[in-house]
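I opened my notebook beside this one today and looked things up bit by bit. Here is what I wrote down, in the order I went.

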Amino acid sequence: MRNRAFRHDMSTTFAIHDALRRDLERIARLAARGEDETWRVLRSAGGWEMFERYLRVHHDAEDAALWPLLRRRLAHRPDELALIAVMEAEHATFDPLLDAIDAALADPAWGPTRLGDLLDGLVTGLRGHLAHEEDEVLPLLDAVADAEQAHRLDVEHGRRIGSGTCRYLPWLLDRADPETVTTILGRLPESIRPTYLNLWQPAYATRDLWGTHNQSTLAS
């Protein structure tokens with residue numbers, strides 16, 4: 001597990017990143033099926049709604065808890081401050097891109113033809129951003145923050161999820177490796193774990209999140 005390279009526990013961030021990458025793969029496969037089918041499926045796909053929701057939550061949590069912390073800890077290190085500025089600039093590209101995709105999905109006249117380039121930009125841009133964060137920002141956070149400070153991102157993320165854990169947690173752990181599942185579930189109150197295993201995860205598994213036609217290629 002990649003978290004072993006760090007002093008502090010970064011497993012939640014890696015799990016979120018992996019879940020976003022998993023859905024990016026599904027989006028890319030769907031985009032390859034042709035603009036009309038992509039538009040038709042994606043505009044009603046529960047998977048797209050969840051991906052978009054949790055990407056925005058993740059980035060908003062970082063904007064609130066990660067970048068301000070790093071700017072304070074790195075106040076006298078201009079090279080690292082420049083990196084934080086780059087990361088914030090990358091963040092700033094995603095909300096307008098998501099808004100443009102939503103607008104295309106709502107437009108039956110021109111939406112299908114606009115969607116391909118927008119999705120390509122999302123897949124390429126977000127993959128690069130996640131790698132950038134893991135390669136440069138997480139090691140920096142690990143080096144300059146104490147354990148309580150490093151944990152603030154997880155706390156902020158949980159606060160923004162709020163009462164939606166029953167939807168979020170099965171999404172997060174969909175296709176996760178066994179070690180990640182064990183780690184994340186191990187943080188739950190013991191009384192909640194059976195609820196996840198017996199109710200939340202089975203309910204998630206029965207949902208057709210990416211369209212009936214696409215289950216064979218997108219849901220795996």
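**Entry 1: α1 against α5**

I began with handedness, and the crossing of α1 and α5 turned out to be left-handed. A reminder to myself before going on: this is a predicted model.

How do two packed helices get described? I use the angle between their axes and the distance between the axes. For helix α1 (residues 11-31) and helix α5 (residues 111-144), the axes come within 10 Å and cross at roughly 160°. Angles over 145 degrees count as roughly antiparallel, so α1 and α5 are roughly antiparallel to each other.

Next I listed who meets whom. From α1 I noted, among others, Phe-14, His-17, Leu-20, Arg-21 and Leu-24. On the α5 side the residues include Leu-119, Leu-122, Leu-126, Arg-127 and Leu-130. By class, the residues of this contact of α1 with α5 divide into 13 nonpolar, 2 polar and 5 charged.

**Entry 2: α4 against α5**

I stayed with α5 and turned to helix α4 (residues 78-105). The two pack at an angle of about 155°, with their axes 9 Å apart. That makes α4 roughly antiparallel to α5. I checked the handedness here too, and α4 passes α5 in a left-handed crossing. In the contact of α4 with α5 I noted 18 nonpolar, 6 polar and 5 charged residues.

While in α4 I stopped at Asp-95, which lies in this helix. Is Asp-95 buried or partly exposed? At 31% relative accessibility, Asp-95 counts as partly exposed. I also looked up its separation from Leu-55: the two are 40 residues apart along the chain, and their C-alpha atoms are separated by 9.4 Å.

**Entry 3: Trp-39 and helix α2**

Trp-39 lies in helix α2 (residues 35-42). Its relative accessibility is 12%, so Trp-39 counts as buried. What does Trp-39 touch, leaving aside residues up to four places away in sequence? I found Ala-104, Leu-105, Asp-107, Pro-108, Gly-111, Pro-112 and Leu-115.

I then asked about the rest of the helix. The buried residues of α2 are Thr-38, Trp-39, Val-41 and Leu-42. What covers the buried residues of α2 includes α1, α3, α4 and α5.

One more distance for the page: Trp-39 and Asp-142 are 103 residues apart in sequence and 41 Å apart in space, C-alpha to C-alpha.

**Entry 4: the aromatic rings**

How many aromatic pairs does the structure hold? I counted 5 aromatic pairs. I describe each pair by the distance of the centres and the angle of the planes.

Phe-6 and Phe-14 form a tilted pair, 5.8 Å centre to centre, with 50° between the planes. Phe-6 is buried, with a relative accessible area of 15%. Phe-14 is buried as well, at 6%, and I had already met Phe-14 in the contact of α1 with α5.

Why is the pair of Tyr-54 and Tyr-168 called edge-to-face? Their ring centres are 5.0 Å apart and their planes stand at 70°, and planes over 60 degrees apart count as edge-to-face. The pair links distant parts of the chain: Tyr-54 is in helix α3 (residues 46-73) and Tyr-168 in helix α7, 114 residues apart. Both Tyr-54 and Tyr-168 are buried. Ring pairs link these two with Trp-171 into a cluster.

**Entry 5: α7, α8 and the loop between**

From Tyr-168 I carried on along α7. α7 and α8 pack at an angle of about 155°, with their axes 10 Å apart. That makes α7 roughly antiparallel to α8. In the contact, Leu-169, Leu-172 and Leu-173 of α7 meet Thr-180, Val-181, Ile-184 and Leu-185 of α8. I sorted these residues into 6 nonpolar, 1 polar and no charged.

Arg-175 sits in the loop between α7 (165-173) and α8 (178-185). Most residues other than glycine have a negative phi. Arg-175 is not a glycine, yet it has a positive phi of about 65°. With a relative accessible area of 45%, Arg-175 is partly exposed.

**Entry 6: helix α9**

Last stop: which residues of helix α9 (residues 193-205) are buried? They are Tyr-196, Trp-200 and Tyr-204. What covers them includes α1, α3, α7 and α8.

Notes:
Residues numbered from 1 in each chain as written. Predicted model: local features only at pLDDT ≥ 70, side-chain atom pairs only at ≥ 80, totals over all residues. Heavy atoms only, no water. Helix = DSSP H or I, 4+ residues; strand = E, 2+ residues; numbered from the N terminus. Buried < 20%, exposed > 50% of the residue type's maximum accessible area, 1.4 Å probe, protein only. Axes fitted to C-alpha atoms, helices over the stretch in contact; angles between N-to-C directions. Parallel < 35°, antiparallel > 145°, perpendicular 65-115°, else oblique. Left-handed = near helix turned anticlockwise from the far one by under 90°. Contact = heavy atoms within 4.5 Å. Nonpolar A, V, L, I, M, F, W, Y, C, P; charged D, E, K, R; others polar. Phe/Tyr/Trp six-rings, centres within 6.5 Å; stacked < 30°, edge-to-face > 60°.
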